[in-house]
Amino acid sequence: MTNVEPVAADDVPVSVPPWVPPSVPAAGNRRSYLAPAHLVFFHGPMDCGKSTLALQVDHNQSRQGRHGLLLTLGDRSGSPRISSRVGLSRQAVELDSCTDLRLLVRGHWAAGHRVDYLIVDEAQFLDPGQVDQLAELVDESHVDVYAFGLTTDFRGRLFPGTQRLLEVADTVERVQVQVLCWCGLPGRLNARVVDGVMVREGATVVVADTAPPPPPDAGTEAAGGQADKVRYQVLCRRHYVHGELGPTPAGPGQLALS
């Protein structure tokens, strides 16, 4: 294909910068040209569809001929996968706090595999240094990064990985699928519930489910045989502050009289 030199209105040829390719590069060929890559962070409370969106982004990228790596940390399935509550699931690479993401990507390149983008689920669990590694891959190697994570922990505070992503990401987007508190207001905060009681102290990372609690008469078997059943529940700010996991006998928003 011949590169046609642009012509100005007065028929004077306009010089073309040497870095402009003669045609659109093949899909995913980001390292051949100085095309900018981006670090995008999608965040929100539990159950807002982050993992579903991660798999959708991967689908949209891969169908254009691009090659990506799916990464996760502590998926709800307990296996190296990205899984969503709507039933979608894909195999992924399990990370830990010691994983150097730059070496991980370079290892795939050395093995002859293209890596044009990264999908990072449960990104709130990243070490801040790992977030900086992702930024370096974007800036120095032109690898697009799409990270998905929770905004705050069970104490209502930013995860260290989330905070660093908010600081350095090129684009920050709140996932738009609305999550509701039991009262019907938008859910904003993630409560940790142990044996039916909301707790505000403990380890920052405790992987558990977001499923509704079992019926009171379900017994230990329905609770998975755990002495201390841990789950998470999304609450609005008011009910998070008051630690209310459901309506009281007096009714929501009313004072209970003894």
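This is a short tour of the structure, stop by stop, with what to select at each one.

**Before you click**

You're looking at a predicted model, so local features need pLDDT of at least 70 and side-chain atom pairs count only at pLDDT 80 or more, while totals for chains, interfaces and linings use all residues. Residues are numbered from 1 along each chain as its sequence is written, and side-chain values use heavy atoms, with hydrogens and water left out.

**The whole chain**

Start by showing the protein chain as a cartoon: there are six helices and 11 strands in it. Both are DSSP runs numbered from the N terminus, with helices being H or I of at least four residues and strands E of at least two. Of the 258 residues, 36% count as buried (under 20% relative accessible area; exposed is over 50%, partly exposed in between, with a 1.4 Å probe and protein chains only). Take contacts (heavy atoms within 4.5 Å) between residues at least 6 apart in sequence: 72% of them join residues at least 24 apart.

**Stop one: histidine 43**

Now select histidine 43, in strand β1 (residues 39–44). It counts as buried because its relative accessibility is 11%. Show side chains, and you'll find a polar contact of 2.7 Å between those of histidine 43 and threonine 151. (That term means a pair of N or O atoms within 3.5 Å; within protein, one must be able to donate a hydrogen and the other to accept it, and residues adjacent in sequence count only if both atoms are side-chain atoms.) Setting aside neighbours within four places in sequence, the contacts of histidine 43 include Lys50, Leu166 and Arg174.

**Stop two: helix α1**

Lys50 is also one of the buried residues in α1, along with Ser51, Ala54, Leu55, Val57, Asp58 and Gln61. These cover an arc of only 155 degrees around the axis (taken from the directions from the helix axis to the C-beta atoms), so they sit on the same side of α1. Want to see what covers them? Colour β1, β2 (68–72) and β7 (144–150), which are among the elements that do so.

**Stop three: alanine 203**

Finish in the loop between β10 (197–199) and α5 (219–222), where alanine 203 lies. With 46% relative accessibility, alanine 203 counts as partly exposed. Leaving out neighbours within four places in sequence, alanine 203 is in contact with Phe154 and Arg192. Try a C-alpha to C-alpha distance from alanine 203 to phenylalanine 154: they are 9.7 Å apart in space and 49 residues apart in sequence.
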